[in-house]
Amino acid sequence: MQIEFAKIEDKVLKGDFDIINEKVVQNEHEFFIIDSVNVSFRAYRIDVNDVSIKEKINGDITLICTNCLEEYKEHIELTSETIFTRNKSYTGGEVTLTESELDVQYLEDEVIDLKDEAIKTIDLYIPISHTCREDCKGICPICGANKNLNPCDCKIEQPDPRLEKLKEFLNKE
Ligand SMILES: [Zn+2]
Ligand SMILES: [Zn+2]
């Protein structure tokens with residue numbers, strides 16, 4: 001879903017679209033899946049060089065638990081606003097805003113990709129560490145079992161020097 005910068009006028013332009021079954025690769029090892037998400041947007045021109053794009057994102061995504069590596073679903077409801085500008089020294093009205101204070105992007109092309117914007121918002125929303133449930137027990141470092149499904153009896157031994165001495169002593173007896 002793209003809109004042309006030149007076609008955005010003072011009058012608010014509204015619409016919506018769906019993103020269905022889209023796999024988004026975050027880096028070499030991680031990805032998430034947008035199962036079904038609806039994006040409704042409002043676009044309007046602030047002045048000659050600037051437009052505002054607001055998006056409301058609502059739907060379900062599938063994530064990979066960073067703890068046990070199993071897939072799990074999450075419902076998301078997010079909103080974002082981005083100013084696209086062709087003016088390198090965008091001032092945002094009275095106060096000068098830096099890029100970090102408000103999401104301001106310099107427009108490189110004549111088109112704005114609304115779907116890319118929505119995917120970016122979802123990506124930013126997902127924390128680096130995200131787990132399938134609050135008490136996810138993760139994977140056993142010894143046998144590799146998913147401890148949520150197969151609680152194993154592995155014990156991570158941390159030898160206590162005093163007990164080791166006692167064991168030696170008892171073995172001698
Ligand atoms: Zn988990
Ligand atoms: Zn184990």
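Helices (H or I, at least four residues) and strands (E, at least two) are DSSP runs, numbered from the N terminus. By that rule Arg-45 lies in strand β3 (residues 31-47). This is a predicted model, in which local features need pLDDT of at least 70 and side-chain atom pairs count only at pLDDT 80 or more, while totals for chains, interfaces and linings use all residues. Residues are numbered from 1 along each chain as its sequence is written, chains are lettered from A and ligands numbered from 1 in the order in which they are written, and side-chain values use heavy atoms, with hydrogens and water left out.

Accessibility is given in three classes: buried is under 20% relative accessible area, exposed is over 50%, and partly exposed is in between (1.4 Å probe, protein chains only). Some residues are listed here.

| Residue | Relative accessible area | Class |
|---|---|---|
| Cys-65 | 0% | buried |
| Cys-68 | 3% | buried |
| Arg-45 | 16% | buried |
| Ser-80 | 17% | buried |
| Cys-152 | 25% | partly exposed |
| Cys-143 | 44% | partly exposed |

The side chain of Arg-45 makes polar contacts (a pair of N or O atoms within 3.5 Å; within protein, one must be able to donate a hydrogen and the other to accept it, and residues adjacent in sequence count only if both atoms are side-chain atoms). One reaches the backbone oxygen of Phe-5 at 2.8 Å; another joins a polar atom of the Arg-45 side chain to the backbone oxygen of Val-48, also at 2.8 Å. Contacts (heavy atoms within 4.5 Å) of Arg-45, not counting residues up to four places away in sequence, include Phe-5, Asp-10 and Val-51.

The zinc ion (ligand 1) has as protein donors the SG atoms of Cys-65, Cys-68, Cys-132 and Cys-136, at 2.3 to 2.4 Å. Donors are N, O and S atoms within 2.8 Å of the metal (3.2 Å for Na, K and Ca); water is not among the atoms, so sites may look incomplete. Angles of 104 to 116 degrees among the four donor atoms make the site tetrahedral, a label that for four donors requires all angles between 85 and 135 degrees. Along the chain the donors follow the spacing C-x2-C-x63-C-x3-C. The count of disulfides is zero, a disulfide being a pair of cysteine sulfur atoms within 2.5 Å.

Ser-80 is in strand β5 (residues 71-85). Beyond four places in sequence, Ser-80 touches Ile-53, Lys-54, Glu-55 and Thr-121. Thr-121 is among the buried residues of helix α1. At the N-terminal end of α1, Asp-113 acts as a cap, with a side-chain oxygen 3.0 Å from the backbone nitrogen of Lys-115.

How values were computed: Four donors count as tetrahedral if all angles lie between 85 and 135 degrees; four count as square planar and six as octahedral if opposite donors are over 155 degrees apart and all others between 65 and 115; anything else is irregular.
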